[in-house]
Structures are given as structure tokens and as C-alpha cells.
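Look at the sequence and the model below. This report walks through the helices, the packing and the charged pairs.

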Amino acid sequence: MENKTKQLIQERGKDYGNPKTTFKIISDLWNSYLRNVKKIDTDLKPSDVSNLMALLKLGRNLKKNKDDNIDDMIAYIEITKYLKKLKL
């Protein structure tokens with residue numbers, strides 16, 4: 001993992017906590033919303049959240065190319081790899 005990406009993940013971790021915990025909370029919230037509001041039977045995992053967040057950054061970057069979007073995309077993909085190793 002690139003040093004810049006490690007630093008970004010560590011900085012975000014200080015604000016938001018460990019991705020393992022945070023992305024589990026987010027996946028639970030998204031699953032609840034999709035099941036109860038949209039009536040979609042789904043089982044998003046924390047790694048799905050990080051993949052979807054990378055796609056969000058890609059969408060933003062298609063509108064306006066910014067290094068911050070690319071840095072965040074790379075970080076989300078690294079988080080996906082981390083979560084997949086944990087089978088999350």
C-alpha cells in the first residue's frame with residue numbers, strides 16, 4: 001500500500017474509527033434502509049460499503065477531476081482488500 005494511502009486511512013480512522021467497525025455500522029444501516037424503505041432483500045457486507053464508496057468517488061471524479069477523489073478511491077479499494085481478508 002502506498003504511504004499516502006496509509007496516511008489517509010489513518011487520518012480518517014482518527015475521525016471515524018476503524019473501518020472494520022465503521023463499515024459494519026454503515027452496512028447495517030444501508031441494509032435496514034434498503035429492506036424497510038425500498039423493500040429490497042439485501043445483505044450488504046462492510047466490503048460492499050467500501051466498494052460503493054469507491055464508486056461514489058468515481059462518480060464525483062467524472063464530474064470534476066480532483067486528486068482528492070482519486071486518493072479516496074484508492075483508500076476505499078485498500079479498505080476493501082482489508083475487509084475481504086477478514087471475510088467481511
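A residue counts as buried under 20% relative accessible area, as exposed over 50%, and as partly exposed in between (1.4 Å probe, protein chains only). By that scale Arg 35, at 38% relative accessibility, is partly exposed. The model is predicted, so local features need pLDDT of at least 70 and side-chain atom pairs count only at pLDDT 80 or more, while totals for chains, interfaces and linings use all residues. Residues are numbered from 1 along each chain as its sequence is written, and side-chain values use heavy atoms, with hydrogens and water left out.

**Overall layout**

The protein has four helices and zero strands. Here helices (H or I, at least four residues) and strands (E, at least two) are DSSP runs, numbered from the N terminus. Along the sequence the pattern reads α-α-α-α. The C-alpha atoms fill a box of roughly 40 × 30 × 20 Å, taken along the principal axes. Of the 88 residues, 30% count as buried. A contact means heavy atoms within 4.5 Å. Take the contacts with a separation of 6 or more: residues 24 or more positions apart account for 51% of them.

**How helix 4 meets its partners**

Axes are lines fitted to C-alpha atoms, for helices over the stretch in contact, and angles run from 0 to 180 degrees between N-to-C directions. Angles under 35 degrees count as roughly parallel, over 145 as roughly antiparallel, 65 to 115 as roughly perpendicular and the rest as oblique.

Start with helix 2 (residues 19-36) and helix 4 (residues 67-85). Their axes come within 11 Å and cross at roughly 95 degrees. Helix 2 and helix 4 are therefore roughly perpendicular. On the helix 2 side, the contact uses Pro 19, Lys 20 and Phe 23. Helix 4 brings Tyr 76, Ile 79, Tyr 82 and Leu 83. Six of the residues in this contact are nonpolar, none is polar and one is charged. In this count Ala, Val, Leu, Ile, Met, Phe, Trp, Tyr, Cys and Pro are nonpolar, Asp, Glu, Lys and Arg are charged, and the others, Gly among them, are polar.

Now take helix 1 and helix 4. Their axes come within 9 Å and cross at roughly 80 degrees. This pair, too, is therefore roughly perpendicular. Helix 1 supplies Lys 4, Thr 5, Leu 8, Ile 9 and Arg 12. Among the helix 4 residues they meet are Asp 72, Ala 75 and Ile 79. The residues of this contact divide into five nonpolar, one polar and six charged.

**The nonpolar core**

A nonpolar core is a set of buried Ala, Val, Leu, Ile, Met, Phe, Trp, Tyr and Cys residues joined through side-chain atoms within 4.5 Å. Which residues make up the largest one? They are Phe 23, Val 49, Met 53, Ala 54, Tyr 76, Ile 79 and Leu 83, seven in all. Helix 3 (46-63) and helix 4 are the elements that give two or more residues to this core.

Val 49 is found in helix 3. Val 49 is buried, with a relative accessible area of 0%. Leaving aside neighbours within four places in sequence, Val 49 is in contact with Phe 23, Ile 26, Ser 27 and Trp 30. With the same kind of exclusion, Ile 79 touches Ile 9, Pro 19, Phe 23 and Ser 50, not counting residues up to four places away in sequence.

**Salt bridges**

A salt bridge is a side-chain nitrogen of Lys or Arg within 4 Å of a carboxyl oxygen of Asp or Glu. How many does a search of the whole structure find? It finds six salt bridges. The table includes three of them.

| Acidic residue | Basic residue | N to O distance |
|---|---|---|
| Asp 72 | Arg 12 | 3.2 Å |
| Asp 43 | Arg 35 | 4.0 Å |
| Asp 43 | Lys 45 | 2.5 Å |

Asp 72 and Arg 12 meet in a salt bridge. Asp 72 lies in helix 4 and Arg 12 in helix 1 (residues 3-16), so the pair ties together parts that are 60 residues apart in sequence. Asp 72 is buried, at 6%, whereas Arg 12 is partly exposed, at 33%. Arg 12, Lys 57 and Asp 72 are linked in a network of salt bridges.

Asp 43 is partly exposed at 49% relative accessibility, and Lys 45 is partly exposed at 36%. Asn 31, in helix 2, is in contact with Thr 42, Asp 43 and Leu 44, leaving aside neighbours within four places in sequence. Asn 31 counts as buried, at 4% relative accessibility.
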